[in-house]
Amino acid sequence: MSSKMDIYMENRLYLSAPCFVMDEKKLYFSNRSCNALVIVDRETWNVESMEPFSGEALEAKELHFECCRLGNKIYFLPQGKKRIHVYDLESKEQKVYEPEGEYGASQNALWNFHVWQDKIYLLPCGGGFGLWALDFDGQLNKESWWAVQTDRNHFFHGDLDEHRFFSVRVGTRELTITDLENRETKTHLLPDTGVGHIAYDGQDFWYTSWNHADIVRWNPGQGERERYAFPMWDKCSLGGAPYACIYAAGSKVFVASGTREELFLLDKENRILKSILKLHEIPNIYWEIEMTPVFTRMGDKLIVTFWGAGGAAVIDLTTMEGKMYQDVIPINETVRVCFDRILFEKAPLIMEDSDGWNLERFLYHCENSLGK
């Protein structure tokens, strides 16, 4: 068996997480491949525990996409019609909230959030659910003043500053800025229809469209400030989208190809896209959407995780060098034995991952894990 395949498969099973919370000593995330709250010791980089989320079956997948910290609690926000799980950093206990309301049935619809003062403001999947505020005590209240025209598709979302966030209806040209302090919203019409992805650099918005490969710089007060025109290329997604995402780290703007195989930096002076990181050496064990990059800036480093793939990449914002990291978080024997048992009981995992993951391979994995 291929050692590279083994490494990526193990990362998919044990360490699949697009979003994380980190404090001085620990790293916390929700595993997308199986029901697990993962806690990593930052001093040793060992996985110290993987515990199932309360009220969920062991075989549950893709429970959460986003997570955030408010006070001494970590909130794991659901994907689709699922529960909010809250982990108390002091008591080490979990609580579960099942929001009520009309929201989309799509399991791929993602929740977004903005933390302000002592509340988490939630934009759940499906426009009918509106804007909700979650407080320290787990009370979920709908914001009646937020009356943005929505549909049942999810939003692209981002933070503007402490009390403002923006959201874009997928596939339209409508960008809405929400001011939580003044309880106001203002909707702008972008120059292009079919806006696919959007980012904010602290001054201007940067967006891409599904209809062309241009990268556009736009400002609410000045309109379109710059358009970097590029021809459509052979790196489009299966659905024909030229880019999988866009992200602004200060003045540096990054895009990922629609195929999710390469990350690029927009060279504004020379008006070209410079390749930063190639992902094409990853074994073909992931769906296209699972390889969509998710960005987190930490100082002069840009951490790149993925929607549903294990492992991560790091881009140095000073040198613009990028590197993939796999198998860098060791799993101790106790955790491995526990989750070998859980995965053995999780028959759907064996059947659904047809690219190289079968019963014979799984038994081989268990035998070798128990022997460590």
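Modeller: A cavity is a set of points where a 1.4 Å probe fits but cannot get out. The model here is predicted.

Biologist: How many cavities of 30 Å³ or more does the structure hold?

Modeller: There are 2. The largest has a volume of about 50 Å³. The second largest has about 40 Å³. Both values pass the 30 Å³ cut-off.

Biologist: Which residues line the largest cavity?

Modeller: Arg12, Ser16, Arg32, Ser33, Lys61, Glu62, Glu290 and Gly308. Asp, Glu, Lys and Arg count as charged. That gives 5 charged residues, 3 polar and no nonpolar.

Biologist: How does the lining of the second largest cavity divide?

Modeller: Into 6 nonpolar residues, 2 polar and 1 charged. Ala17, Pro18 and Phe76 are among them. Strand 5 (residues 64–70) gives the largest share, 4 residues.

Biologist: What makes a pocket something other than a cavity?

Modeller: A pocket is an open set of points, whereas the probe cannot get out of a cavity. The largest pocket holds about 1,600 Å³ of space. Its lining has 47 residues, and the closest to its centre are Glu66, Asn112, His157, Val294 and Phe295. Strand 21 gives the most, with 6 residues. The lining divides into 32 nonpolar, 11 polar and 4 charged residues.

Biologist: How much space lies in the second largest pocket?

Modeller: About 590 Å³. Of its 20 lining residues, the closest to the centre are Leu27, Trp45, Ile303, Ala312 and Ile329. Strand 2 (26–30), strand 26 and strand 27 each give two or more residues. Strand 26 gives the most, with 3. The lining has 15 nonpolar residues, 3 polar and 2 charged.

Biologist: Why is strand 27 called largely enclosed by the rest of the structure?

Modeller: Strand 27 covers residues 312–316, and 4 of its 5 residues are buried, so the strand is largely enclosed.

Biologist: How do you know that strand 26 and strand 27 pair?

Modeller: Pairing needs at least two bridges. Strand 26 (residues 301–306) and strand 27 have 4, and they run antiparallel. They count as a pair. One bridge joins Lys301 to Asp316. Their hairpin has 5 residues between the strands, and Gly311 takes a positive phi near 90° there.

Biologist: What joins strand 27 to strand 28?

Modeller: Again, 4 bridges, with the strands antiparallel. That also meets the cut-off of at least two. Ala313 stands opposite Met324 in strand 28. In the turn of this hairpin, Met320 has a positive phi of about 65°.

Biologist: Why is Ala241 called buried?

Modeller: Buried means under 20% relative accessible area. Ala241 has 14%, so Ala241 is buried. Ala241 lies in the loop between strand 20 (223–228) and strand 21 (243–249).

Biologist: Which residues does Ala241 touch, not counting those up to four places away in sequence?

Modeller: Trp210, Cys236 and Gly258. Contact means heavy atoms within 4.5 Å. The C-alpha atoms of Ala241 and His212 are separated by 8.2 Å, though the two are 29 residues apart along the chain.

Biologist: What makes a set of residues a nonpolar core?

Modeller: The residues must be buried, be of certain kinds such as Val, Met or Phe, and be joined through side-chain atoms within 4.5 Å. The largest core here has 44 residues, and Phe29, Val47, Met50 and Phe254 touch the most other members. A second, separate core of 14 residues includes Ala248, Val253, Val255 and Leu266. In soluble globular proteins, nonpolar side chains tend to be buried together.

Definitions and conventions
Residues numbered from 1 in each chain as written. Predicted model: local features only at pLDDT ≥ 70, side-chain atom pairs only at ≥ 80, totals over all residues. Heavy atoms only, no water. Buried < 20%, exposed > 50% of the residue type's maximum accessible area, 1.4 Å probe, protein only. 1 Å grid on protein atoms, 1.4 Å probe; cavity = no way out; pocket = protein on both sides within 12 Å on 5 of 7 lines; lining within 4 Å. Points joined across faces, edges and corners; volume = space filled by probe spheres on them.
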